[in-house]
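Subject: Structure handover

Hello,

Here is the structure I promised to pass on. Please open it and keep it in view while you read my notes below.

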Amino acid sequence: MYSTDLRTDKEKKSADQQVLDDAQLWDAFQARIDNGEVIEAKDAMPEKYRQTLIRQISQHAHSEIVGQLPEGNWVTRAPTLKRKLILLAKIQDEAGHGLYLYSAAETLGRSRDDMVADLLSGKAKYSTIFNYPAPTWADIGTIGWLVDGAAIVNQIPLCRCSYGPYARAMVRVCKEESFHQRQGYEIVTKLAQGTAEQKALAQDSLNRFWWPSLMMFGPSDSASTHSSQNMKWNIKRHSNDELRQRFIDATVPQAEFLGLTVPDADLKWNEERGSYDHGEIDWNEFWAVIKDGGICGKDRIRARRAAAKDGVWVRAAGEAYAEKQRAKEQAA
C-alpha cells in the first residue's frame, strides 16, 4: 500500500528538493495536480506540500488513536456480551486506522516516533470531538452515528486525494468507518424505540454531541487558514462549510426518523437551496477546546503518556524479536 521514503537527511535537503521553491517548478507541480495526477512518495514536491500532508495525516492518525479512549472506557460496562464484542472490534479498527495513517505519513520522511512524541508533548493536535466526555452508553451510539458519520463525510473525498499513499489508506478506513456509523445508529435506534428513559438518554446524548460534531469539519471557510491551498493541491476536494452542510442534510432526516430533536432552534428546511438552514456555531467554544483541551483534553494526553510508558517493554520485545529473525535470515 505504501512506498517508504528512504532518503537520508542530506538527501532530503538536496538541491533537487530545494529548487522546487523556483516558481517555474511550482507551476510544473501544480500542472500535475490540475491534470489529476497522483503524487507518490519519491516524486518531487514542494516542501510546503510535504509539510502540509505531514501535519494533516499525523493529526488524522492521532485522532484515530485518541478516539479509542472514550470508547475503551465502556468496554467493561457494555450492556451485553454482543455489545462488548462489537465495541472491541471497533476499537481494534481504530487502532488499525492509526497504523495506516502513521505509515502514510512516514512516506513523507517523518518518523512515527517523532509524530507520537509531538502528540504526547501536546505540540500536535487531534480532533476536538474527543475532548468531550462520554458518560452514558447512549454516547457510544451517538459517537458512532454522529462522529463517525461526520468522519465519513470528511474522509470519502480523501480517497481521491492527490497524494497516493494517503488516498489508498483512506479507501479501507472509509469502508470500516461506514460500518461504525451503522453500528452507532443501530444503538441509538434501539434506545430511541425503547422506554421513555432510554429515549431520553438518546436525546440527551444528541443534545451534547450535535454541535461538537459540526465543529469536526473545522472553522468556517472565512476563518480557515489551510483550506484554500489544500483544495488547490487536491488534498481536499470540498470546503469545510460545504462538507458540514452535507452532513447536516444527511443527518437531520435520520434524527427525525428516530423521533429525536436536533438541538438547533434555527434549523429549518430551505426549499430554494434544497438544504437545511442552521444556527450559528459557537466558535468561541471550538477555539477554546483547541487551545485548552476542553473537558477531557488533559485526561486524554495523560492516558496516552501512560500507555506509551507501560508499552516500553512490549516495543522492546518486538524489536528484539525482529532483530533475531533478521539474524536468522542472514545466517540461512
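Which residue forms a salt bridge with Asp 299, and how far apart are the closest N and O atoms? The partner is Arg 302, and the distance is 2.5 Å. Bear in mind that this is a predicted model.

**Salt bridges**

Stay with that pair for a moment. Both residues sit in helix α14, which covers residues 297–310. They are three residues apart, about one turn of the helix. An α-helix has 3.6 residues a turn, so residues three or four places apart point the same way. Asp 299 has 40% relative accessibility, so it counts as partly exposed. Arg 302 is partly exposed too, at 49%. Elsewhere, Arg 32, Glu 37 and Asp 43 are joined into one network by salt bridges that share partners.

The structure holds 17 salt bridges. Here are two others to look up.

One is between Arg 244 and Asp 241, with the closest N and O atoms 2.8 Å apart. These two lie in helix α12 (residues 240–257). They are three residues apart, so about one helical turn separates them. Is each of them buried or exposed? Arg 244 has a relative accessible area of 3%, so it is buried. Asp 241 has 31%, which makes it partly exposed.

The other is between the side chains of Glu 40 and Arg 168, at 3.0 Å from N to O. This pair links distant parts of the chain, with the two positions 128 residues apart in numbering. Glu 40 is in the loop between α3 (23–34) and α4 (47–66). Arg 168 is in helix α9, residues 164–192. Glu 40 is partly exposed, with a relative accessible area of 25%. Arg 168 is also partly exposed, at 33%.

**Helices**

Next, find α6 (residues 81–106) and α7 (residues 112–121). Their axes come within 9 Å and cross at roughly 115°. On the α6 side, the contact is made by Leu 99, Tyr 102, Ser 103, Ala 105 and Glu 106. On the α7 side, Arg 112, Met 115, Val 116 and Leu 119 take part. Of these contact residues, six are nonpolar, one is polar and two are charged.

Now look at α8, residues 137–155. What span should its 19 residues have? At 1.5 Å a residue, the expected value is 27 Å. The end C-alpha atoms are 26 Å apart, which agrees. There is also a kink of about 35° in α8, centred on Ile 143. Of the 19 residues, 17 are buried, so α8 is largely enclosed by the rest of the structure.

**Two residues to click on**

Asn 131 is in the loop between α7 and α8. Its relative accessibility is 5%, so it counts as buried. Leaving out residues up to four places away in sequence, Asn 131 touches eight residues named here: Tyr 126, Val 289, Gly 293, Gly 294, Ile 295, Cys 296, Gly 297 and Arg 300.

Ala 202 is in helix α10, residues 196–215. At 1% relative accessibility, Ala 202 is buried. With the same sequence neighbours left out, Ala 202 touches Ala 138, Val 188, Leu 191, Ala 192 and Leu 260. Ala 202 and Pro 135 are 67 residues apart in sequence, and their C-alpha atoms are 12 Å apart in space.

Best wishes

Key:
Residues numbered from 1 in each chain as written. Predicted model: local features only at pLDDT ≥ 70, side-chain atom pairs only at ≥ 80, totals over all residues. Heavy atoms only, no water. Axes fitted to C-alpha atoms, helices over the stretch in contact; angles between N-to-C directions. Helix = DSSP H or I, 4+ residues; strand = E, 2+ residues; numbered from the N terminus. Contact = heavy atoms within 4.5 Å. Nonpolar A, V, L, I, M, F, W, Y, C, P; charged D, E, K, R; others polar. Expected span 1.5 Å × (residues − 1). Bend = angle between axes of the 7 residues up to and from the residue. Buried < 20%, exposed > 50% of the residue type's maximum accessible area, 1.4 Å probe, protein only. Salt bridge = Lys/Arg side-chain N within 4 Å of Asp/Glu carboxyl O.
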